[in-house]
Amino acid sequence: MAEEAAPKDLKAWMRKEDIYDNDLFDILTSQGINQPEEDFKTYTQGQWDELWRKGCVERAKELKDQKAKVRLEKKMTKLEKYWRKQSGVKSTSIKKKGKKKSDTLNNSASAKNEALASGNEIKKYLKKEGCFSPDLVEVLVGVGITSKDDLTNITRDSYDEIFRQIRVRRAQDLKDNAARVRMEKMMEKFAKLCPKEIRTKSAGSKKGGKGKKKKDTPKDKEIQKMQSGGAKLKAWMRKNDVWEMALYEELMANDISEAEQLKDIGQDLFDNIVRKVRVDRFSQLKDQKARNRADKLLIKFEKEWRKASGIKKTSLKNK
């Protein structure tokens, strides 16, 4: 009974703080957050970055309604403030460590002027491509990107961090929907200047080209598939109380996008899926109660699978 109460504490807290969201709740639970007041004290910057990427950056691509994006952004901002207060982790700059606190996210005129001066080449290039912003230039200069050629060094993680820093710097402005839309369009244009794996779906063809669509990388295709093809599976998992992000991702990776396909999963494939999910989840969960809940969820999923497939064999408990 006590084991089942833990996640409800998180859900109740999120509802009380007006930041509840199904996906955010699932991600936090998978990261072992059950008692916010205590668990956020040991929550790391790396865990927050993962939450931001899965819960905000990737989720924003699914949301077509601008108001929904704004609501999600406000929830993330409020959640981040609470976490930083509990953990004592300060808002980090993407500049090198060792700087004074006053240097972090320094938006003063002198800092901007210094960045614009040292990043004159990248500034001219961004203006030419229609995605110039003093904040963007300052962030890029902070990570050593001062020329067009330096853009090839941007990775998916560093791009997500750049995107996050821009949002943080312009948090006040982004309360206005029009400003938020302008910022997102600017970052979409900027993404087109980055390596292929960074480019968004909208960057399929270059400006001035013949309209020929660029081929998506395997990673791009996998992300698109996860975002657009698993709506029915996600709804079924939530309805049957077997929703787990790692399980959902593993099913999608094996081309299982609807509950009806469960009947086609053989014993070997099922064992492989469950094994990968357990390894992924247990590597994140240190609390025994959280691990027990993960086991119970997988056992429940096993029952649904056996019901659909008609396969009767050993229970997950005996593995």
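1. Let me start at a loop: aspartate 255 sits between α13 and α14. Its phi is positive, about 65 degrees, although the residue is not a glycine. Please keep in mind while reading that this is a predicted model. At 47% relative accessibility, aspartate 255 counts as partly exposed, because the exposed class begins over 50%.

2. Aspartate 241 makes a good companion to that residue. Its place is the loop between α12 and α13, and its phi, near 55 degrees, is again a positive value in a residue other than glycine. With a relative accessible area of 51%, aspartate 241 is exposed. As background for both points, most residues other than glycine have a negative phi.

3. Now for the overall picture. The protein chain has 15 helices and 0 strands. Of its 319 residues, 45% are buried. If you look at contacts with a separation of 6 or more, 61% of them join residues 24 or more positions apart.

4. Which residues have the most contacts inside the largest nonpolar core? They are Met14, Leu28, Phe40, Leu51, Met237 and Leu251, in a core of 46 residues. Several helices each supply at least two residues to this core: α1 (2–16), α2 (22–30), α4 (45–62), α5 (66–87), α12 (231–239), α13 (245–253), α14 (267–284) and α15 (288–309). A second core, separate from that one, has 24 residues and includes Leu136, Leu151, Ile162 and Met183. In general terms, nonpolar side chains tend to be buried together in soluble globular proteins.

5. Leucine 28 is worth a closer look in your viewer. This residue belongs to helix α2, and its relative accessibility is 0%, so leucine 28 counts as buried. Leaving aside residues up to four places away in sequence, leucine 28 touches Leu10, Met14, Ile33, Phe40, Tyr43, Leu51 and Leu79. Leucine 10 is 18 residues away along the chain, and the C-alpha atoms of leucine 28 and leucine 10 are separated by 8.7 Å.

6. From leucine 28 you can step across to leucine 51. With residues up to four places away in sequence again left out, leucine 51 touches Leu24, Ile27, Leu28, Gln31, Tyr43, Cys56, Met76 and Leu79. Leucine 28 and leucine 51 are both among the residues with the most contacts inside the largest core.

7. On to helix packing, beginning with α12 and α13. Their axes lie 11 Å apart, and the helices pack at an angle of about 145 degrees. The crossing of α12 with α13 is right-handed. On the α12 side the contact is made by Leu233, Lys234 and Met237, which meet Leu247, Tyr248, Leu251 and Met252 of α13. Sorted by class, this contact has 6 nonpolar residues, no polar ones and 1 charged.

8. The other pair to check is helix α8 (residues 134–142) with helix α9 (residues 156–169). These two pack at about 135 degrees, their axes 10 Å apart, and are therefore oblique to each other. The crossing of α8 and α9 is right-handed. Asp135, Leu136, Glu138, Val139 and Leu140 of α8 form the contact with Ile162, Gln165, Ile166 and Arg169 of α9. How many residues of the contact of α8 with α9 are nonpolar, and how many are charged? The split is 5 nonpolar, 1 polar and 3 charged. Leu136 and Ile162 are also included in the second core.

Key. Residues are numbered from 1 along each chain as its sequence is written. This is a predicted model: local features need pLDDT of at least 70, side-chain atom pairs count only at pLDDT 80 or more; totals for chains, interfaces and linings use all residues. Side-chain values use heavy atoms; hydrogens and water are left out. Axes are lines fitted to C-alpha atoms, for helices over the stretch in contact, and angles run from 0 to 180 degrees between N-to-C directions. Helices (H or I, at least four residues) and strands (E, at least two) are DSSP runs, numbered from the N terminus. Angles under 35 degrees count as roughly parallel, over 145 as roughly antiparallel, 65 to 115 as roughly perpendicular and the rest as oblique. A crossing is left-handed if the near helix is turned anticlockwise from the far one by less than a right angle, and right-handed if clockwise. Contact means heavy atoms within 4.5 Å. Ala, Val, Leu, Ile, Met, Phe, Trp, Tyr, Cys and Pro count as nonpolar, Asp, Glu, Lys and Arg as charged, and the others, Gly among them, as polar. A nonpolar core is a set of buried Ala, Val, Leu, Ile, Met, Phe, Trp, Tyr and Cys residues joined through side-chain atoms within 4.5 Å. Buried means under 20% relative accessible area, exposed over 50%, partly exposed in between (1.4 Å probe, protein chains only).
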